[in-house]
Amino acid sequence: MSEITREPSRFGVAVAAGFALLSVAATAVVVPTGGAVSGLGLVVLLAGLAVASRRLITNGGGVLVLGALYAGYTGAPPLLVLVGALTGVLAWDAASNAVSVGEQLGKETDTMRGEIVHVVSSVLVGSLAVAAGYAVYLAAAGGQPIASVFLLVVGAVALVNALR
Amino acid sequence: MSYVDAVDTEHWAGIGALAFAAFALGLPFQRPSLFLVALVGVGFAAYARFGDAPAADLTVERELSESSPSPDAEVTVTVTVENAGSATIPDLRLIDGVPPGLSVSDGAARLGTALRPGKRATFSYTVTATRGSHEWEPLTAVVRNASGSRERVVEVDAGTTMRCLPTLEASSDLPLRGLTTPYSGRVATDVAGSGLEFHSTREYRRGDPLSRVDWNRYARSGELSTVSFREERAATVVLLVDSREAAYRAPDEDTPNAVERSVEAAGEAFSALLSTGDRVGIASYGPEACWLAPATGEQHRATARRLLADHPSFSVSPSEEPFYPSIALRRLRRRLPADAQIVLFSPATDDYIATVAERLNAYGHQLTLISPDPTTDDTATRRLARLERDTRLRRLRSHGIRVIDWGERPLAVELARATRRWSR
């Protein structure tokens with residue numbers, strides 16, 4: 001008789017680990033200290049996946065992004081910081097989804113299709129946000145990039161609140 | 001299909017904090033890249049807020065490779081789910097309601113997928129058939145929106161039933177006790193008459209058949225004498241299955257419980273006895289009363305087969321009904337024919353069933369107890385239960401009841417072992 005092993009799905013673990021590695025790499029290229037922080041986040045995230053703990057995964061994802069934030073604080077190129085933060089968030093999303101799939105369906109079940117759709121739509125949304133932000137940043141590069149990006153964030157928050 | 005409200009999954013909980021932290025860090029240090037990171041956070045927060053879990057309108061079809069298999073057959077179950085609604089379901093998790101009496105032997109009764117309107121998803125798994133009528137429970141579908149922030153649980157009924165009738169294979173003859181009917185059969189009695197096994201010799205009387213005259217003795221001494229054999233008669237047997245809650249015991253999760261084994265053994269005994277010309281009936285001693293009066297014939301066999309498969313008193317899990325022991329015992333005694341022997345199938349896990357056995361035996365229904373052993377010896381308390389059961393069986397034996405302690409080995413082996421030990 002086949003029992004259900006309530007562990008994160010293999011596909012989800014692979015995707016989360018891939019994104020987390022990408023995040024560490026993107027941060028470490030310019031700011032090794034930030035890369036070290038992100039590396040710690042990667043380890044915590046993988047540990048969270050191993051024991052199927054949402055809390056560890058959230059902490060790991062948080063530390064991953066913290067590394068990217070530190071890189072941004074030291075003045076690293078915005079694109080790399082953005083990639084680091086985005087892949088960090090995506091790793092957290094994929095890992096957390098893998099745990100919930102594991103809880104509900106188990107490891108043996110074919111969950112590929114649902115997970116691919118989830119990951120792809122998350123990537124699309126994240127890329128869209130990055131693309132929009134970076135485009136505004138580049139367009140305003142000559143004049144007041146900080147002010148324009150600041151206004152963009154404020155505008156986005158206002159829009160999100162208005163939607164709800 | 002039942003609709004329920006969607007609930008928050010907390011999947012994106014904390015994304016707002018990221019946006020806020022990045023923004024707060026970027027403000028004093030004037031870092032555009034941190035503002036951009038905050039924008040990513042805001043973007044995901046918006047994504048999480050966008051859209052509710054779709055109202056899943058699903059149709060489910062369940063197909064069995066065989067709807068009335070024989071026990072232990074492998075049945076492949078194919079489940080097809082169609083999205084009959086107009087919205088795409090980006091994250092659909094399906095959990096099939098496998099009946100509690102069946103176990104999945106291959107594959108998984110679950111699927112995670114995404115479904116566009118009008119599309120179908122199919123998954124299949126294999127279950128091992130066990131005796132009884134098994135009804136599938138509704139399929140549970142967990143529907144999430146694309147971001148995974150909202151979730152809705154829907155149950156879809158497809159109404160599938162699998163009936164698995166026992167084959168009633170006679171494995172070996174069940175040794176019976178001396179209580180018989182006047183009809184000829186195969187139970188050797190202590191009555192002198194015609195038969196196979198030598199009983200006694202007596203003085204020749206006028207009219208004795210010539211074939212039974214002891215000619216050797218006549219040649220030796222010149223006296224005519226007649227040989228008598230043990231008369232062989234048919235018996236009336238009632239197979240009584242203990243189906244009280246206390247009888248639903250199993251050594252572990254994967255092993256069939258004592259009632260399952262009892263019913264299986266009763267099926268074998270039924271078939272064996274019927275084919276030797278005895279009259280056999282079936283009764284249960286438990287909350288759900290079951291009574292099949294002793295009879296013979298093919299139709300009777302078919303009735304018994306259906307009864308053993310379907311009757312609620314022989315179900316794989318205990319009945320919820322209350323049980324009134326004294327009423328059940330009185331009703332059983334009223335129904336039992338006076339010349340009926342009883343074969344009781346019970347794990348003998350409590351003292352009460354032992355007293356029932358003693359009483360039925362004392363009322364003149366010679367009783368044989370076939371007791372599937374559900375005990376184990378891995379912890380102290382379980383060892384104690386095993387010892388108690390051993391004592392109980394020993395006491396029954398000392399009261400003149402035949403007891404077969406049926407352990408791991410097939411019943412036929414235990415029967416052969418026990419028969420050698422028993423005197424007639």
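Reader: Which residues does B:Leu367 touch, not counting residues up to four places away in sequence?

Author: This is a predicted model. In it, B:Leu367 touches B:Arg177, B:Ile342, B:Leu344, B:Ala357, B:Leu360, B:Asn361, B:Ile401 and B:Arg402.

Reader: What makes these pairs count as touching?

Author: The cut-off is on heavy atoms, which must lie within 4.5 Å. The eight names listed for B:Leu367 pass that test, including B:Ile342 and B:Ile401.

Reader: Why is B:Leu367 called buried?

Author: Its relative accessible area is 0%. Buried means under 20%. So B:Leu367 qualifies as buried.

Reader: Where is B:Leu367 found in chain B?

Author: In strand β18, residues 367-372. Its C-alpha atom and that of B:Phe23 are separated by 85 Å. Along the chain, those two are 344 residues apart.

Reader: Now the interface. What is buried between chain A and chain B?

Author: About 4,500 Å², with 69% of it on carbon and sulfur atoms. The contact takes 55 residues from chain A and 49 residues from chain B.

Reader: Why give an area for an interface?

Author: The size of an interface is often given as the accessible area lost when the parts come together.

Reader: How many salt bridges does the rule find across this interface?

Author: Zero. A salt bridge needs a side-chain nitrogen of Lys or Arg within 4 Å of a carboxyl oxygen of Asp or Glu. Across the interface of chain A and chain B, the rule finds no such pair. Polar contact is another matter: 14 residue pairs, both at pLDDT 80 or more.

Reader: Which helices of chain A supply at least two residues of the side that touches chain B?

Author: α3 (54-73), α4 (78-105), α5 (112-139) and α6 (145-163). α4(A) gives the most, with 15 residues. By kind, that side of chain A divides into 32 nonpolar, 17 polar and six charged residues.

Reader: Which residues have the most contacts inside the largest nonpolar core?

Author: A:Leu45, A:Ile57, A:Val89, B:Trp12, B:Ile15, B:Val37 and B:Phe44, in a core of 52 residues. Helices from chain A and chain B each supply at least two residues, among them α1 (10-30) of chain A and α1 (15-29) of chain B. α2(B) gives the most, with 12 residues.

Reader: What is B:Val37 in contact with, leaving aside its neighbours within four places in sequence?

Author: A:Leu69, A:Val81, A:Leu82, A:Ala85 and B:Ala22.

Reader: Which residues does the second, separate core include?

Author: B:Leu174, B:Val237, B:Val280 and B:Leu292 are among its 35 residues.

Terms used:
Residues are numbered from 1 along each chain as its sequence is written. Chains are lettered from A and ligands numbered from 1 in the order in which they are written. This is a predicted model: local features need pLDDT of at least 70, side-chain atom pairs count only at pLDDT 80 or more; totals for chains, interfaces and linings use all residues. Side-chain values use heavy atoms; hydrogens and water are left out. Buried area is the accessible area (1.4 Å probe) that two parts lose on being put together, summed over both. A polar contact is a pair of N or O atoms within 3.5 Å; within protein, one must be able to donate a hydrogen and the other to accept it, and residues adjacent in sequence count only if both atoms are side-chain atoms. Helices (H or I, at least four residues) and strands (E, at least two) are DSSP runs, numbered from the N terminus. Ala, Val, Leu, Ile, Met, Phe, Trp, Tyr, Cys and Pro count as nonpolar, Asp, Glu, Lys and Arg as charged, and the others, Gly among them, as polar. A nonpolar core is a set of buried Ala, Val, Leu, Ile, Met, Phe, Trp, Tyr and Cys residues joined through side-chain atoms within 4.5 Å. Buried means under 20% relative accessible area, exposed over 50%, partly exposed in between (1.4 Å probe, protein chains only).
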